[in-house]
Amino acid sequence: MDGDEDFEGVMLDLSSIHDLLPVESIAREKINLTKIAIQRMKNRFQTEPMIKLKDKLSFVIGIVNVFVTATLLSGYPQRYPLFYTLKALLLLTLRFLLYRKKKFHYFLFDFCYFANILNLIYLYLSPSLILFQICFSFSV
């Protein structure tokens, strides 16, 4: 047997295996692409981070929201339901419009939106003990 013959007498051409599967060239190409991607990531992380105006406004509004909420709850608790209602209606409406535009409106069936709407129902339509307990358990 000279090495090019199978046990059943079928001739195998071992020199053509590299032509059928150019593994080395594919591996080199993938390594080169990986090196390019790593270099791009390094360049991106070495540049200064750009903080957008939207991010700055979101941060400031979030801090103001925490301050106003704490002030209302500690100093004027009777006014908090009105503040919560205005904030919830504004944010839920904005979220609905933005999600509808992006065709993400089915995400509005998430539990957190249900709990917020249930809180509004408790505040204005059905202030019962059972609904209070349900809303309280959702918030904990």
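Read along the sequence, the protein chain runs α-α-α-α-α-α. Its secondary structure amounts to six helices and zero strands. The model is a predicted one. Of the 140 residues in the protein chain, 11% are buried. The points below cover two pockets, a nonpolar surface patch, and several single residues and residue pairs.

**Largest pocket**

- The largest pocket holds about 240 Å³ of space.
- Its lining is made up of Y84, K87, A88, L91, L92, L94, R95, L98, Y113 and N116.
- Two elements, helix 4 (residues 80-102) and helix 5 (residues 111-124), each contribute at least two residues to this lining.
- Helix 4 is the main contributor to the lining of the largest pocket, with eight residues.
- By residue class, the lining of the largest pocket has seven nonpolar residues, one polar residue and two charged residues.
- The charged residues in this lining are K87 and R95, and the polar one is N116.

**Second largest pocket**

- The second largest pocket has a volume of about 200 Å³.
- Y80, P81, Y84, N119, Y122, L123, F132, C135, F136 and S139 form its lining.
- Helix 4, helix 5 and helix 6 (residues 129-139) each provide at least two of the residues that line the second largest pocket.
- Helix 6 gives the most to this lining, with four residues.
- The lining of the second largest pocket counts eight nonpolar residues and two polar residues, with no charged residue.
- The two polar residues in this lining are N119 and S139.
- Y84 appears in the lining of the largest pocket and also in that of the second largest pocket.

**Nonpolar surface patch**

- L82, L86, I117, I121, L123, Y124 and L125 make a nonpolar surface patch of about 680 Å².
- Helix 4 and helix 5 each supply at least two residues of the nonpolar patch.
- Helix 5 has the largest share of the nonpolar patch, with four residues.
- L123 belongs to the nonpolar patch and also lines the second largest pocket.
- L82, one of the patch residues, is placed in helix 4.
- L82 has a relative accessible area of 54%, so it counts as exposed, the cut-off being over 50%.

**Helix 4: P81 and F96**

- P81 lies in helix 4 and is among the residues lining the second largest pocket.
- The relative accessibility of P81 is 27%, so P81 counts as partly exposed.
- P81 and N119 are 38 residues apart in sequence, and their C-alpha atoms are 9.8 Å apart in space.
- N119, like P81, is in the lining of the second largest pocket.
- F96 is another residue of helix 4.
- F96 is partly exposed because its relative accessible area is 41%, which falls between the 20% and 50% cut-offs.
- F96 and L108 are twelve residues apart in sequence, with a C-alpha to C-alpha separation of 7.3 Å.

**Loop between helix 4 and helix 5: K103**

- K103 is located in the loop that joins helix 4 and helix 5.
- K103 is not a glycine, yet its phi is positive, at about 60 degrees.
- With a relative accessible area of 66%, K103 is over the 50% cut-off and is therefore exposed.

**Helix 3: V68**

- V68 is found in helix 3, which covers residues 53-75.
- V68 has 27% relative accessibility and so counts as partly exposed.
- The C-alpha atoms of V68 and F83 are separated by 9.4 Å, while the two residues are 15 residues apart along the chain.

Notes
Residues are numbered from 1 along each chain as its sequence is written. This is a predicted model: local features need pLDDT of at least 70, side-chain atom pairs count only at pLDDT 80 or more; totals for chains, interfaces and linings use all residues. Side-chain values use heavy atoms; hydrogens and water are left out. On a 1 Å grid over the protein atoms alone, a cavity is a set of points where a 1.4 Å probe fits but cannot get out, and a pocket is an open set with protein on both sides within 12 Å along at least five of seven lines; lining residues have an atom within 4 Å of a point. Grid points are joined across faces, edges and corners, and a volume is the space filled by probe spheres set on the points. Patches are made of residues with over 30% relative accessible area and no salt bridge: like charges are joined within 9 Å, nonpolar side chains (Val, Leu, Ile, Met, Phe, Trp, Tyr) within 5 Å. Accessible areas come from the Shrake-Rupley method with a 1.4 Å probe; for residues, only the protein chains shown count as cover. A salt bridge is a side-chain nitrogen of Lys or Arg within 4 Å of a carboxyl oxygen of Asp or Glu. Buried means under 20% relative accessible area, exposed over 50%, partly exposed in between (1.4 Å probe, protein chains only).
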